[in-house]
Amino acid sequence: MSSVVIVGTQWGDEGKGKITNALASCAEMVVRFQGGANAGHTVSVNREPVVFHLLPSGISVPGVKCVLGPGVVIDPHALSSEIEGVRARGIEVSGNLMIDIGAHMVMPYHKAMEAAQEKSRGGSAIGTTLRGIGPAYSDRCARDGLTIGELASFDDFAAKAKVAAGRKNDLLVKLYGAEPLDIEEMISEMRPIAEHLAPHLADATRVVRRAISEGDSVLFEGAQGTLLDVAFGTYPFVTSSHTIAAGVAAGAGIPPSMVGEVVGIAKAYVTRVGAGPFPTEIGGPAAAELRERGHEWGSTTGRSRRCGWLDIPALRYSIDLNGMTRLIVTKLDVLDTFEAIPVCVGYEIDGERTDVFPRRGDLLDRAKPVYEELPGWQESTVEARTERDLPANALAYLRNIEERTGTKVSAVSVGAAAHAVVEFASVM
Ligand code: IMP
Ligand code: MG
């Protein structure tokens, strides 16, 4: 398979980073095509957890080329310090990282604007990661953005950035009553960062197209998840990019015909950070158990993640929308202690039963999950490496997902360690 897309089927944090990292050893290239430092991909490197925000999860695999495509929004400060951080752990970042010149930058004023906007939303705040993602994509669409390629000619960049920051300062002060940014300081802090990132800047899209046409294995690493897609997620409680497989072509600069197989990553239960509808959300001791056992605190913001049961209609929606041909189920081991495991197979909305995921937010808000209860296995799956090692009820849990979605489960992850995987069929 020459190109494989990894996409989250839920609201992010499905474990895409671990899977991408594992598959990267069979690939020549890993490409990010959307999102920015709002992502938090936890990967185990030499048995130590490492969180990547902007760097593709293949960066720790020797010989793999990593690309930040034009659809990514890059906070140059965040990227620069992330590169230093991983280098300090002995991971090489040099010719193996390419940043596409067309990627837009997240500037300090984007973060300031987002903080002011979220504050002004009051009770209807989105609960964003405050990484400046929405304002940076807004500026790109409004044709007010700055691409990272512009850093190559620093004085021209500085002149444009001053004008842009001046306008944002007006908004910050006059509209939101917030503090203005120190523009001179912003520019002077950027100069060493521009020099630091310069060797990585290139028309990376050409390199990606060439790699695919030459038959290299290229992995496209999605960030966030399908239900956070700006057009197909639970709008307005979404992120500002196309997280779905359809975002790969425009976000990586390749023709749609080069987008290969789409693999969906589904956590064995569901979590969400930030506000917005979540029909299968639970509270009480079961939620606390999922959160504790699954370490469900945001890897970017440290926020406690909302927890709930697997939602089959939402999963079917994701599979359908992305053209997913197989699933990888993650964190199955988190369910090891439960005596019974509810799985949502449909909803009741205003007294009517449906098994279709309603895209409308108001309907999702009123959707009451209809559960089927599956027996738990109450046995550790952490050491399982082959199908035979899995308890019968754990296998039945996976088979139920396959039957209800009509999609094969290729592998299941049973722990944070890189090798804690049971593979049913080879993915790459
Ligand atoms: P933003 O992407 O920071 O604008 O946040 C918009 C919504 O997406 C908020 O609910 C965030 O919590 C959520 N979000 C953004 N990135 C991630 C992620 O990587 N994992 C999970 N949720 C995310
Ligand atoms: Mg995450």
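**Exercise 1. Which polar side-chain atom lies 3.2 Å from a nitrogen atom of ligand 1?**

Solution. The structure is a predicted model, in which local features need pLDDT of at least 70 and side-chain atom pairs count only at pLDDT 80 or more, while totals for chains, interfaces and linings use all residues. Residues are numbered from 1 along each chain as its sequence is written, chains are lettered from A and ligands numbered from 1 in the order in which they are written, and side-chain values use heavy atoms, with hydrogens and water left out. The atom belongs to Gln224, whose side chain places it 3.2 Å from that nitrogen.

**Exercise 2. Describe the surroundings of ligand 1.**

Solution. Begin with the shell, which holds 17 residues (each with a heavy atom within 4 Å of the ligand); the closest are Asp13, Asn38, Thr129, Thr239 and Arg303. Next, look at two of these: a polar side-chain atom of Thr239 is 2.6 Å from an oxygen atom of ligand 1, and an N or O atom in the side chain of Arg303 is 3.0 Å from an oxygen atom of the ligand. The protein covers 97% of the 460 Å² of accessible area (Shrake-Rupley method, 1.4 Å probe) that ligand 1 has on its own.

**Exercise 3. Locate domain 2 and domain 3, and describe where they meet.**

Solution. First, take the bounds from the domain assignment (automatic or from a database): domain 1 is 2-100 + 202-263, domain 2 is 104-197 and domain 3 is 265-423. The C-alpha centres of domain 2 and domain 3 lie 37 Å apart, and six residues of domain 2 are in contact (heavy atoms within 4.5 Å) with five residues of domain 3. Then consider the buried area, meaning the accessible area (1.4 Å probe) that two parts lose on being put together, summed over both; between these domains it is about 360 Å², with 44% from carbon and sulfur atoms. Gly127, Thr129 and Arg131 supply 71% of what domain 2 buries against domain 3, more than any other three residues. Finally, the rule finds zero salt bridges across this interface (a side-chain nitrogen of Lys or Arg within 4 Å of a carboxyl oxygen of Asp or Glu).

Methods:
Polar contact = N/O pair within 3.5 Å; in protein donor to acceptor, adjacent residues only side chain to side chain.
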